[in-house]
Amino acid sequence: MTEETKISADSSSNASGESARWSFLTANDYRVTKLVAAIAGLLGVLLAVATPLLPVQQRSTTLQWPQHGAIGNVTAPLVSFVPTSMSTAVPCSLAADLPAGGGVLLSTIPQNGKQAGARGLFVRATDDKLNMTVRDVLLLSVDRQAAQTNPHCVFELTGDGDGVTAQAVGMSGEGTRYSTDDTDMRPQIVGVFSDLPSSAPLEGLSLRADVDTRFVNSPTPLKLAAVIIGILMTLLSLLALGILDARDGRGHKRFLPRGWFTIRPPDVVVFLVLAVWWLMGGNTSDDGYNITVSRVTEEAGYAVNYFRYFGVPQDPFGWPYQVLSWMTHVSVSAPWLRLPAFLLGLLGWWLISREVIPRLGRAVRGSQAAIWSGALVFLAIWLPYNNGIRFEPLEAVGALLTWCAVERAIATRRLLPYAVAAIIGAFTLAVAPGGLMAVAVLIAGLRPVVRGIVSRRGRDGLLPMLAPVLAAGTSVLFMIFYWQPLMPLIEGSRVASEVGPTQEWWQEPVRYYYLILQTGDGTFSRRFGILIMFLCLVIAIFRLLSRNHPNGVARAPIWRLIAAMLGTMFFISFTPTKWTHHFGLYACIGASIVAATAAMMAPALLRSRSNRAFFASAVLLVTAVAATGTNMWWYVGSYGIPWWDRPIAVAGVRLGWVVLVLSGICALFGLWYYFRNDYVDDDKRTGYQRTGLNRFKVSPLPVIAGLVVLFMLLSFAKGAWTQRDSWSWAISNARALTGDECGLANDVLVESDPQGSILSPAAVEGRPAPSPRAALSGENTGFTPDGVPSSTLIDPVERRTSSSSTEEESQTALPTEEEVTGESENDDETATETATESTPPFSQVRLPYGLDPATTPVLGSYGATGTASVLTDWYQLPFAAGQAPEESPLLAVAAAGSIAAVNGLGATTAGRKLVARYARLGPDGRVIPVGAPQIPIDAMEVNAEWRTLRFPLAAAPPGATLVRLDVVDDGAAATEWVAFTPPRVPALRTLNDVVGRTDPVFIDWLPGLVFPCQRPMAVRNGVLELPDWRIMPDAEGTQRNSQTWMAGKFGGPLGITDALLTQTLVPSYLRNNWGRDWGALARYTPLVPDAQPADLELGYRTVNGLWTPAPMRSAGY
């Protein structure tokens, strides 16, 4: 026997041995395999269903007071606002340690906090009464003298899941007992505060509160073992199902078809566009929201939504937030955080071009129009919706992967691919409600799968086939309930639903209504791809239902795509919110339908030239509707973008009208062709000639989609160029790739000392320098120190505070007339209201930025009759104009009222005159005026609000060393007034330098992504860390979004910060874009300066999945 023969014999022997080793799986008609598939699958299902009920180890946190053997103020702001249970006891005798006029013996909110009495517990002494109130409800009230001399008198209160009870122990009569089963009577706790001296006796004085930590959990060993065993059983059942599938005898199917990795021109285009967009494109609306939640997840112990909802989890399942949280340990730069969206975009197109289009038939896969239409419409949807860290990219690709697996199951007549589809679909559903698209895909492909199960029932049995599929579909429960038990998630879902916004299924048209509004939800870029997709959906349905079926088109897969789309539209109508952001989940399935439609409407399949002309007209009509929207992008994404505030127009001609005319021309051609068809030959009727100009005919869909995608890219290229000396996404991301990942924080310049930067009056022409007040008055007619309306705002948050009546408005209301039309009925409504305000005395004039009215002079013309004017005295510039150091580029003036200025768009707005005049001293000491008066830049454009007017010193006359203000109020209306303070030349520092990386910061949800180096205030053990700073978006975003969405009424952090802190606006500017309202920075000051963070008692408890401590609060404070 030769060596080769020996080797061959050994190989055969080994193969035979291996075959014999596993032969028990196929013996007796695969009996063992069937048992394994059935039993392991059922065990997987049972363990998955049991996982939510199994015990977890839960963090316990308790607040005890007094602390450290003394009475003192402590802070402990509960994220849930109210404790799960609490008890307090206050001896009445302690009232003797308070002044005769009374005071607070104990409270859970500082008495000077916003709406303190309406939210907290107060035990107060007045001059004659001792009272206990909770939420402005008087629970107990007794005579002070009798109570404080009674050694047995104690005010007690308990609150838990059964309600609230209170009693004055040792006292009798009316006002000594109270009881209610309303759990919402539990007071909000942000700490414990008292006017009692620290030396007061502690005996009998106590407050104990159990903090709500129901979401801070970890699995017990039992639960961990169940999860591991359940996963192993599920995998084992799937392996057995694969063996049963292989009984068909058709051998191994190639997993990836030939040509899967071949690079084609559309692939290059998609890759380049997505790569450029990854670095240059705009953000999505909720990027700041999601990244902030992710950054605080680790310390909080779960993905806490501390922007709203009383601290419930941001997502009931939350696994994408865990992934984002892990990513932040590597970097918080935008390119890194956007990387998953970029990679998912590449994967989505790869699946469309390699798996979906080939499945739709030879006519589709062979059509260049189909391939290019699919690619470009995919980009047209992906770019505006899916470039951030919202989770629509996961949903879109997850649904497409599910569809591919379902199609693989149908094509191979095997169940393992469908089980894999069930896993993918379940995990996609766990991302967000939009994952229901994956469920629609599973249902759309269910009929042929059921047919296959029925045909195999006699051979493999029903249970061995169904159990693994059920185990696969329920395996997501291991991930969802790994940390969380069942009841906390149910309670969190209840709170989120009751807080809202929650809209019913029949309000689903609102989502599409938002798409056509002139708001950020209805921009040109957001409309185009979605409207084209719906157009193609309708056309595809009609083409497939027509009597003349398109040749070479696989009708069944296309119908399943359509069913998935329609099913998704039905399912998401039951989701509680109706934002247009959710349209991003249609990117993959929608592009696939577009590709199929493009093929069916191409000349190869659609012979009628009239129908092709009508199709081109329809595409142009949809484009015209899209082009009537603005070119706005969310928040900082609009910086430098052309037409961000209005519909696209050139020389006054709107693009929408131009495209509409083109659509009408195509329709007329279609009519002409339709009536001519009876009088021409077939070649003429079809227009399918390749001679002369006919050689240059192309499908309209990819051309128009390509132009729209190009327009998006050019818009951001232009924005990057316009902002080349300031901030843009392109510049910021390029810096991030070099290690500077701090985003906007390095381009926002901050005044660290507004008071100290006020210019000193100058001594000129032999006269001594006047006093600050005399210098501001100068040559004055009609301006007075008290000429400022009392309603003048000093901070954008005052436009809509967390306690204002506007907070009562429904969060599900339809947009206002102003939002629909883009026009306001009264652009100066606030100013009109202020016209009736009484003029306050000078001492009551409020100044912005912490300026002290006692030392900072102010003049105003409110209430003046006739023309009022001021020409101030000269102020000394710290350096000559033209020689300004880099850190002092501006002359700034705090002003209010109607003032003519240059706005952020470079246009001069109407108003009263306030200009800066410059001069220099001559050799003989005389003042020599230089240059023309300088008009200010105003980033706010509001009348009844203090703001900073900016005079760039680079535009001041070179050599000027003196400046004065020339102010004239010649307005006849009472609402036309001007107020101002002395000019200042501040030394500016970057926000990154001022705020730093370690101070806790309350970052509003809109700007969260562009301030990655600032540390968000943390949540630890159910308690919110108090911030030192607050970063807000632009004034409109603060008013319309921050102050409503994050309001305490809805369980937001403003309900905590308003109770404990006051904020002072710090003047700030966007570098080299002085007219841009980038947002605002505020410094927090504690209402109770001596209050220290409370020491909490920490521990753990083991609870089962059905345990709940008490209902959470879900309405109001």
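Strand β27 (residues 962-969) is largely enclosed by the rest of the structure, because 8 of its 8 residues are buried. The model described here is a predicted one, and this strand is a useful place from which to read it.

In a regular strand the side chains alternate between the two faces of the sheet. In β27 both faces are covered, with Leu 962, Arg 964, Asp 966 and Val 968 buried on one side, and with Val 963, Leu 965, Val 967 and Asp 969 buried on the other. The buried set of β27 therefore includes the charged residues Arg 964, Asp 966 and Asp 969 as well as leucines and valines.

Strands of a sheet pair through backbone hydrogen bonds, either parallel or antiparallel. The table lists strands that pair with β27, together with the number of bridges and one residue pair from each pairing.

| Strand | Residues | Sense of pairing with β27 | Bridges | Residue pair |
|---|---|---|---|---|
| β19 | 868-871 | antiparallel | 4 bridges | Leu 871 with Asp 966 |
| β20 | 875-876 | antiparallel | 2 bridges | Tyr 875 with Val 963 |
| β24 | 913-921 | antiparallel | 7 bridges | Arg 917 with Arg 964 |

Two of these pairs involve residues of the face that holds Leu 962 and Val 968: Asp 966, which stands opposite Leu 871 of β19, and Arg 964, which is the bridge partner of Arg 917 of β24. Val 963, which stands opposite Tyr 875 of β20, belongs to the side that also carries Leu 965, Val 967 and Asp 969.

Other strands form small open sheets. In one of them, 4 strands follow the order β18-β28-β21-β26 with antiparallel pairing. Its edge strands, each of which pairs on one side only, are β18 (859-860) and β26 (947-952). Within this sheet, β18 and β28 (residues 978-980) pair over 2 bridges in the antiparallel sense, and Gly 860 stands opposite Ala 979 of β28.

A further open sheet consists of 3 strands in the order β11-β2-β38, and here the pairing is mixed. The edge strands are β11 (191-192) and β38 (1092-1093), each pairing on one side only. Strand β2 (residues 74-75) runs antiparallel to β11 and is joined to it by 2 bridges, with Val 192 of β11 as the bridge partner of Val 74.

Among the helices, α13 (residues 436-444) offers an example of packing. Its buried residues are Leu 436, Met 437, Ala 438, Ala 440, Val 441 and Leu 442, and these pack against five named helices, namely α11 (392-412), α12 (416-429), α14 (446-460), α20 (555-571) and α21 (587-600).

Taken as a whole, the protein has 32 helices and 39 strands, and buried residues make up 57% of its 1117 residues. A compact globule with 1117 residues would have a radius of gyration near 32 Å, and the 35 Å of this protein agrees with that expectation. Along its principal axes the C-alpha trace spans about 115 × 85 × 65 Å. Of the contacts between residues at least 6 apart in sequence, 80% join residues at least 24 apart.

The protein exposes about 44,800 Å² of surface, of which carbon and sulfur atoms supply 59%. Its side chains include 87 positive and 92 negative ones, and the centres of these two sets lie 15 Å apart.

Technical notes: Residues are numbered from 1 along each chain as its sequence is written. This is a predicted model: local features need pLDDT of at least 70, side-chain atom pairs count only at pLDDT 80 or more; totals for chains, interfaces and linings use all residues. Side-chain values use heavy atoms; hydrogens and water are left out. The radius of gyration is taken over C-alpha atoms; the globule rule is 2.2 Å times the number of residues to the power 0.38. Buried means under 20% relative accessible area, exposed over 50%, partly exposed in between (1.4 Å probe, protein chains only). Contact means heavy atoms within 4.5 Å. Accessible areas come from the Shrake-Rupley method with a 1.4 Å probe; for residues, only the protein chains shown count as cover. Lys and Arg count as positive and Asp and Glu as negative; His and the chain ends are not counted. The place of a charge is taken as NZ of Lys, CZ of Arg, CG of Asp or CD of Glu. Two strands pair if DSSP finds at least two bridges between them.
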